[in-house]
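Please open the model in a viewer and keep the selection panel at hand. The tour below proceeds from one selection to the next and states what is to be found at each stop.

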Amino acid sequence: MAWSVFTLRKGNRSFGSLSLFLSKFYFILSRNFVYLSLHTSNPKTVTKNMEEFSTGTDPRVPAVKLDSKPSSFEEVPLEAASAAVSEDAEVDKDLLCPICMQIIKDAFLTSCGHSFCYMCIITHLRNKSDCPWCSQFLTNNQLFPNILLDKLLKKTSARQISKTASPVEQFRQALQQGYEVTIKELDNLLSLLAEKKRKMEQEEAERNMQILLDFLQCLRKQKVDELNEIQTDLQFIKEDINSVERHRMDLYRARDRYSVKLRMLGDDSSTRKPWSSSMDKNNSGIVSSSLNIRGGMPAGNLQNKKIDGKTQLSGHVSQRKDALSGADSQGFNQSGLSVARKKRIHAQFNDLQECYLQKRRQLANQLHIKQESDKNVIHREGYNAGLADFQSVLSTFTQYSRLRVIAEVRLGDLFHSANIVSSIEFDRDDELFATAGVSRRIKVFDLSMVLNEPADVHCPVVEMSTRSKLSCLSWNKHWKNHIASSDYEGIVTVWDVTTRQSLMEYEEHEKRAWSVDFSRTDPSMLVSGSDDCKVKVWCTKQEASVINIDMKANICCVKYNPGSSNFIAVGSADHHIHYYDLRNISSPLHVFSGHKKAVSYVKFLSENELASASTDSTLRLWDVKENLPV
């Protein structure tokens, strides 16, 4: 076997022969092994052994002086690891793989002295042939297992686990490692553990009982509050039932009195002549009877008197039957109407119940309704204000059941999408009305012509073309020839109906504008809402918006309060109605909640009453002054 002489260079160092290289490598491994045992051995003993080992008689190992700091490149990797073991703050940093930056797993050492995870360095060498740390040329054949570093990592991992492990885990590990325990010690431990277990179970049971008790007490409080509320509501209902029963009996008595008076008037007019003739007959009969008593009475006269009495009695009975049959027919019609109204009540029973309880609770402590001055109206003593208010709501709700069509305007094919009408708006005098939609046209009709001249297709008196589909119209209530429109492009336009030309165009909205409305108190102000979640207030005397309100949801409808240009109502896609004071737009005055879907339309019925429509198929009425749902 031939030995080849080669030279290894690293910096200024060189090994001239293989034997010298092996001796140096053996010395490095031996010295590093001693350093790795520093964390468990006595430092004095280690130092003594190190000195004895370094001054040995083996000619292959030169004597060296023990130095705490490494002076050669071969000593750096493992000595740095041993130093890292001595300081926990440096352990994680020095034991990380330079490639994956995780603790090294299956450590492999390169010929240049750097350690990596096996999979990391293999994957790297598939793409490049250099060391990731120093960029020196490197191949798979120049990788060697770093067994000592693996042992160091295992010991470090075990030491870290022991530091963070619980006493129970440490005891379990000790038993697994073969730690000897006597039977007496085991009995003591078992009894201690059993006592600890019983104590923990007792504490756990107490905690569970306390949690259950807290829940039951909270539930009882909630149910007691609900019971008190229900009892209060039942008391209200009982009082109202008694009050309604009293007033109903009063109505029945009054009806009976009126019916008796009418019957008496009818009897006087219809039976005056028969009654006088019968009286004459009776008088003559009395005279003749007195004469007959004196001188004798024939039998035929007595029979005639019986027949006349039967005839009169049968006449009265027939009249009474006719009156009863008429009353029955009238009562049947009224009962049919009552059934229809009851059906409407049952269809909206939950909403009506909520309305009744709300009004009754709010007005429970108010004074009774004052007696009306009109003597013909039956006074309702004992009526609560909330009950009277709800009665008006219920009567109005059940009074009407359908809408009657008085006129119809046909704009073409009903099933063609281009004929969809998005908005209808009347002028200030209710003489003209305008329609707009996806046909990109504003058509103005004469209301009197539509009502009085039925035709299949009505022709508009004015027609204006637009660039985009229209979503809403608003007629100026002061200037009759001005009308505003909003379109799908987000443009708000003010038109002159007389000249058929646009006066102003506002293009600040970034998305479709759904609604526009003129102020009734200030004819130069108008407001618009858009899908860009913005409400903008405009002035016809300026080219830009004067107020901008940013909201979190799409705007479906905006309306001015008819009594003031400072207040607007905004229907939003967030299911709420926002009521703003334009003098302070930082937050709305009121937010009305109740709809379950987007609020598609709002309209003021008066200065304090606001109606809203939603895609949840409900209509709601609100009091903007009192901030209450009506």
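Helices (H or I, at least four residues) and strands (E, at least two) are DSSP runs, numbered from the N terminus. The model is predicted, so local features need pLDDT of at least 70 and side-chain atom pairs count only at pLDDT 80 or more, while totals for chains, interfaces and linings use all residues. Residues are numbered from 1 along each chain as its sequence is written, and side-chain values use heavy atoms, with hydrogens and water left out.

**Whole protein**

Begin with the entire protein, which contains 12 helices and 25 strands. Of its 630 residues, 28% count as buried; buried means under 20% relative accessible area, exposed over 50%, and partly exposed in between (1.4 Å probe, protein chains only). Among contacts (heavy atoms within 4.5 Å) between residues at least 6 apart in sequence, 43% join residues at least 24 apart.

**Residues 97-135**

Select residues 97-135 next, which UniProt lists as "domain: RING-type" in an unreviewed entry. UniProt positions are given in the numbering used here, feature names are shortened, and annotations may be inferred rather than shown by experiment. The end C-alpha atoms of this span lie 16 Å apart, and 26% of the span is helix and 18% strand.

**Helix α6**

Proceed to helix α6, residues 147-164. The expected span of a helix is 1.5 Å times one less than its number of residues. For the 18 residues of α6 this gives 26 Å, and the end C-alpha atoms are 26 Å apart, in agreement. Display the side chains of L149, L152, L153 and T156, which are buried in α6. They lie on the same side of α6, because they cover an arc of only 100° around the axis; the arc is that of the directions from the helix axis to the C-beta atoms. On the other side of α6, I147 and K154 are exposed.

**Aromatic pairs**

A search of the whole structure finds nine aromatic pairs. Rings of Phe, Tyr and Trp (its six-membered ring) pair if their centres lie within 6.5 Å; planes under 30 degrees apart count as stacked, over 60 as edge-to-face and the rest as tilted.

Select Y356 and F390, an edge-to-face pair at 5.2 Å centre to centre with 65° between the planes. The pair links distant parts of the chain, with Y356 in helix α10 (residues 349-362) and F390 in helix α11 (residues 385-399), 34 residues apart. Y356 is buried at a relative accessible area of 11%, and F390 is buried at 10%.

Move then to F433 and F445, whose ring centres are 5.4 Å apart with planes at 20°, so the pair is stacked. F433 belongs to strand β7 (residues 432-437) and F445 to strand β8 (residues 441-446), 12 residues apart. F433 is buried at 7% relative accessibility, and F445 at 1%. Add F426 to the selection: F426, F433 and F445 form one aromatic cluster.

**Two loop residues**

Which residue has a positive phi near 55°? Select D430, a residue other than glycine with that value, in the loop between β6 (421-426) and β7. D430 is partly exposed at 48%. In the loop between β7 and β8 lies R440, with phi near 60° and a relative accessibility of 37%, hence partly exposed.

**Annotated repeats**

Finally, select residues 506-538 and 592-630, covered by the UniProt annotation "repeat: WD" (unreviewed entry). Residues 506-538 are 0% helix and 55% strand, with end C-alpha atoms 8 Å apart. Residues 592-630 are 0% helix and 54% strand, with end C-alpha atoms 11 Å apart.
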